[in-house]
Amino acid sequence: MYLTHLSLTNFRCFSRLELETPRRILLLVGQNAQGKTTILEACYYLATFESFHTQTDRQLVNFIAAQDNLPVTRLVAHYSRHGSTHKLEVRLIMENGSNGGSRLRREILLDGVKKNTNDALGHLMAVLFLPQMTQILEGGPDERRRYINQALVQVVPGYAAALSDYQQALSQRNALLKQLNEKGGDAALLDTWDELIAKRGAVIIHARIKALVELERQASQVHQILTHQTELLRLYYQPAYDPLPKPNGQIALPIQTGADRSGLSLEQIQNGFLQRLSELHSEEIARGVTTIGPHRDELRVIGNGIDLGDYGSRGQIRTAILSLKLAEVAWMKERSGEWPVLLLDEILAELDTGRRADLMTYLGEYEQAFLSTADRGLFSPEFVGKSTIWQVAGGTVTPTEL
């Protein structure tokens, strides 16, 4: 898979941008706050329909255009997938609201046909690395769940829909638990929500089990190369509802022991989850919240037996995140048969000389990669010679000769 054309209208700092994108490696060169990262953001938004810099789509609308009456922001990607060409378009349309203000409506069109978000996910795939993504390890469990979800929604059919349904059902179940806690009532009212949460939650847990086993295999190989065989990387999935049966009296195992859940079927997970939800009715009514399920899952990343999130050095954490992201590329290729577009923002500034060289070797294997940098000198002359260079300044993009 690779992009052939990118068009932006009223997106961030770009009022209008039309780009014929190169097949292999593109270097976006320029000072900070000139628009380099915005181009990467646009590509990633077209793949995931989420921005990595904003909380709401409204913030993506060009500031000057937003002063006009009801502006429209458009992002359009032309790309090749499985030998066929496609067009993906996202429109962010400002409209008059019923209260006299304005509201933003999003439309997604795939090859000219309107799609909902869940149906459009996965048609254009991208993997993103930002310097601040060290928060995947250093931040809370929600950062790691978000990392897992952003990968799975692009390649696992039905995952996005299951996640959306689960979150809606969870909200309704929590509201009912709070009501039962405050006002009393029949706990059997929870049964309907238990069934929906167990059904959709099982899809999420089952997909995470399989994906994390596959990602660990890829990430471990990449990490050994980047660390020159000095570090072993492991991923430990800790589901809040653990579908593995535990003998009576068994104590919790240390994190390094791990557990093999890969043989569990979707039906086994669903039935066990439903039973456990029923068993916890009294406790959860007392707390007023759902205490188990994929919304509370955890993932720990271990390097040579050390939990990198708690004890890893800055260099170890950066290298582990890079290993995860490069593994994500290979995993998507393995799952879908297509390379995702790789988006790297100021990545070389975060690496030492040896790991820069290792990374540039990896990039030569991928179908398409976009890299932003404020310092072209971080790249070797050989790498630059194989790349297309664009200078980005003041919201304009200019091809540059070598």
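## Strand 1 and its two neighbours

Let's start with a pairing: strand 1 and strand 4 (residues 72-81) run antiparallel and are joined by seven bridges. This is a predicted model, so keep that in mind as you look around. On strand 1, Leu-6 sits opposite Ala-77 of strand 4.

Strand 1 also pairs with strand 2 (residues 14-20), again in the antiparallel sense, through six bridges. Leu-6 turns up here too, with Leu-19 as its bridge partner in strand 2. Strand 1 itself covers residues 2-11, and nine of those 10 residues are buried, making it a mostly covered strand.

What happens between strand 1 and strand 2? The two form a hairpin with two residues between the strands, and Arg-12 there takes a positive phi near 55°. For background, most residues other than glycine have a negative phi.

## The whole chain

Zooming out, the chain has 13 helices and 15 strands. Its C-alpha trace spans about 70 × 60 × 35 Å along the principal axes. How does the radius of gyration fit with a compact globule? A globule of 402 residues would come out near 21 Å, and the chain has 23 Å, which agrees.

Of the 402 residues, 53% count as buried. If you take the contacts with a separation of 6 or more, 69% of them are between residues 24 or more positions apart. The chain exposes about 18,200 Å², and carbon and sulfur atoms supply 48% of that area. On the charge side, there are 42 positive and 46 negative side chains, with the centres of the two sets 2 Å apart.

## Strand 13 and its parallel partners

Strand 13 (residues 369-373) is another mostly covered strand: five of its five residues are buried. As a general point, side chains in a regular strand alternate between the two faces of the sheet. In strand 13, Ala-369, Leu-371 and Thr-373 point one way, Phe-370 and Ser-372 point the other way, and all are buried.

Which way do the partners of strand 13 run? Strand 3 (residues 25-29) pairs with strand 13 in the parallel sense over five bridges, and strand 12 (residues 341-345) also runs parallel to strand 13, with four bridges. To find these pairings in the viewer, look for Leu-26 opposite Phe-370 of strand 13, and for Leu-344 opposite Leu-371 of strand 13.

## A three-strand open sheet

Elsewhere there is an open sheet of three strands, in the order 9-10-11, with antiparallel pairing. Its edge strands are strand 9 (233-238) and strand 11 (306-307), each of which pairs on one side only. In general, strands of a sheet pair through backbone hydrogen bonds, either parallel or antiparallel.

Strand 9 and strand 10 (residues 298-303) are held in register by six antiparallel bridges. One pair to look for is Leu-233 with its bridge partner Gly-303 in strand 10.

Going on from strand 10, you reach Asn-304 in the loop between strand 10 and strand 11. Asn-304 isn't a glycine, yet its phi is positive, near 50°. Is Asn-304 buried, exposed or partly exposed? Its relative accessibility is 45%, so it counts as partly exposed.

## The loop before strand 9

Two residues are worth a look in the loop between helix 7 and strand 9. Helix 7 covers 191-226, and His-228 is found in the loop between it and strand 9. His-228 has a positive phi of about 55°, although it is not a glycine. His-228 counts as exposed because its relative accessibility is 53%, and the cut-off for exposed is over 50%.

Thr-227 lies in this loop between helix 7 and strand 9 as well. Is Thr-227 buried or exposed? With 3% relative accessibility, Thr-227 counts as buried, given that buried means under 20%.

What does Thr-227 touch? Leaving out residues up to four places away in sequence, Thr-227 touches Thr-319 and Arg-355. As for Leu-26, the residue opposite Phe-370 in strand 13, it is 201 residues from Thr-227 in sequence and 26 Å away in space, C-alpha to C-alpha.

Definitions and conventions. Residues numbered from 1 in each chain as written. Predicted model: local features only at pLDDT ≥ 70, side-chain atom pairs only at ≥ 80, totals over all residues. Heavy atoms only, no water. Rg over C-alpha atoms; globule rule 2.2 N^0.38 Å. Buried < 20%, exposed > 50% of the residue type's maximum accessible area, 1.4 Å probe, protein only. Contact = heavy atoms within 4.5 Å. Areas by Shrake-Rupley, 256 points an atom, 1.4 Å probe, with all protein chains shown as cover. Lys, Arg positive; Asp, Glu negative; His and termini not counted. Charge placed at Lys NZ, Arg CZ, Asp CG, Glu CD. Pairing = 2+ DSSP bridges.
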